[in-house]
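Here is a short tour of a two-chain model, with the structure open beside the text. Keep a viewer at hand and follow along.

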Amino acid sequence: MKEETRLVSMEHLKFIRAVRMENYRVLVARLTILFFFILSWELAGRFGLIDPFITSQPSRILKTLINLYREGQLFHHILITVVENIIGFVSGTLLGTLIAVALWWSSFLSRVLDPYLVVLNALPKIALGPILIVWIGNGPPSIVAMAILISVIVTILTVYSGFVQVDEEKIKILKTFGATKYQILQKVILPASVPTIVSALKINVGLSWVGVIVGEFLVSKAGLGYLIVYGGQVFKLDLVMASVIILAAAAALMYQGMVCLEKSLSRWQGN
Amino acid sequence: MESRVIVDVRNLTMKYHTLAGETAALNNLSLQVREGEFVSIIGPSGCGKSTLLSLICGLLSPSGGNILVDGETVQGPNPKIGYMPQRDQLFPWRNILMNVTLGLEVQNKLNEKTRSNAKDLLVKYGLGDFLYHYPAQLSGGMRQRVALIRTLAIDPEILILDEPFSALDYQTRLSVSDEVKRIINNEKKTTILVTHDIAEAISISDRIVVLTKRPADIKNIHDIALSCDDISPIRRRECPEFRHYFNLLWKELEVK
């Protein structure tokens, strides 16, 4: 790569410049949209075209955020939701993978459980929210349980199908070496499924957000979901909008984190 | 001088069962392979060649008959047998050295000594610069060589090669089969190769076993004696008798 950049023709330089220019224009267009969206929202409120009491307003959102921060509330709520989310998707992924291992280990078990998994997968897990509250109680454990519940079934199905798709020939090689079933799991099934598990993890981050926010809507006394629901009830739309924006930022950051993790784990796939 | 029989297949019968019925894959097949021999098995596609290999490797149990390897009945995977698959099947998440030590690891034989033996094998056969590379960074031919060394690393007495060159392009295929033959000759291993390429079989083997169509039995066995006594499969292809064998085998395999 280094040599290439030193010995480039004019034509290639032109090409690189065109690509960079295009990227730059995309970035400018993105920022412009954001800028005008915020600006028109702000001005429309200021000139009475919309009612900021109902639609809120960028300046009021900013003020709300600053107030939350001054009161020491901002990071408290963010932290609670983020921690619930992390516990949710990590344990959802681990539990799902463990169950997938059990299904791989015993094809009898996997055949027996198949219809149950299909039904559970089709069921909107949020419907089980009230049951969780009754069983687990009115607090964070219920919220985490909601997040796990929402991600675990799809993890089982994805990871198990990843296990089953591992090349038979690779397993055959291990068998000719005299490998035990545990060694087959450890040496080929699990390592070959790392990409599948990481992609399940990536999906679960998103699902877990849904579980946590819904859980907080139902039971909580703190967290971003709580702020949203509370803001809605007392008609403080500034609070609702501010919380949604923080939520969007936190979700995007976490997703980027997963993308980085995926890249570092798949070093061996490329050159 | 006759060397001892190392693989003795006796009246082997194999049937596959499905709900729709049973299919006979092998029918009372008997075959002997002597120590140090290079034997190729050819036959029409789907005739049961791979079944025969799986049985010798101990991955399937026969419906009838038995197989003796080094005088002992095959009852499961056997460290005396090394299997090399059609595609290299290197594990992409392991570097080359770790791919080669896979068998040792599984057999709990990995220690300083065996690891350095594996390293020596890689160095000896021109892969010394790639010990810590990943398979994706190697060419198809090199990967196939690594696959062979992975099989050799557990020091088997018999090598079972299941169409090891069929996934390679023609050019690579010729040079890889040359290398593989040289390595096997160096390491003095008994080899059973399955292929459907007649020219490849003649160029590389001491003996060729032709199977009938399914259920497979032995149709004929040819000793290959070429006047140019060379080990290189590429040069063996230039021998005057090569065409004679080719025509003979081609007619035998002809679909009727």
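Which residue of β4(B) is the bridge partner of Arg10(B)? Asn66(B) is the residue to look for in that strand. Please bear in mind as you explore that this is a predicted model.

## The open sheet of chain B

The pair Arg10(B) and Asn66(B) belongs to a longer strand-to-strand match. Strand β1(B) covers residues 5–18 and strand β4(B) covers residues 64–69; the two run antiparallel and are joined by five bridges. Helix α1(B), made of residues 49–56, packs on the sheet and touches β1, β2 and β4 of chain B. If you compare directions, that of α1(B) makes about 120° with that of β1(B).

Stepping back, the open sheet has four strands, and following them across gives the order β2-β1-β4-β5 in chain B, with antiparallel pairing. At the edges you will find β2(B), residues 21–34, and β5(B), residues 72–73, each of which pairs on one side only.

## Chain B as a whole

Now zoom out to the full chain. Chain B contains nine helices and ten strands. Its C-alpha atoms fill a box of roughly 50 × 45 × 40 Å along the principal axes.

How does the radius of gyration of chain B agree with that of a compact globule? For 256 residues, such a globule would have a value near 18 Å, and chain B has 18 Å, so the two agree. In terms of burial, 41% of the 256 residues in chain B count as buried. Contacts that reach far along the sequence are well represented too: among those in chain B with a separation of 6 or more, 70% are between residues 24 or more positions apart.

## Where the chains meet

Let us turn to the place where the chains touch. Here 19 residues of chain A are in contact with 19 residues of chain B. On the chain A side, the elements giving two or more residues are α9(A), residues 168–176, and α10(A), residues 181–192. The largest share comes from α9(A), with seven residues.

What is the make-up of the side of chain A that touches chain B, in nonpolar, polar and charged residues? Seven of its residues are nonpolar, six are polar and six are charged.

## The domains of chain A

Chain A also invites a look at its division into parts. Domain 1 spans 2–50 and domain 2 spans 65–269. The C-alpha centres of these two domains of chain A lie 34 Å apart.

Definitions and conventions
Residues are numbered from 1 along each chain as its sequence is written. Chains are lettered from A and ligands numbered from 1 in the order in which they are written. This is a predicted model: local features need pLDDT of at least 70, side-chain atom pairs count only at pLDDT 80 or more; totals for chains, interfaces and linings use all residues. The radius of gyration is taken over C-alpha atoms; the globule rule is 2.2 Å times the number of residues to the power 0.38. A residue is buried if 20 or more other C-beta atoms lie within 10 Å of its own, exposed if 12 or fewer, and partly exposed in between; C-beta atoms are placed from the backbone. Two residues are in contact if their C-beta atoms, placed from the backbone, lie within 7 Å. Ala, Val, Leu, Ile, Met, Phe, Trp, Tyr, Cys and Pro count as nonpolar, Asp, Glu, Lys and Arg as charged, and the others, Gly among them, as polar. Domain bounds come from an automatic or database domain assignment. Two strands pair if DSSP finds at least two bridges between them. Axes are lines fitted to C-alpha atoms, for helices over the stretch in contact, and angles run from 0 to 180 degrees between N-to-C directions.
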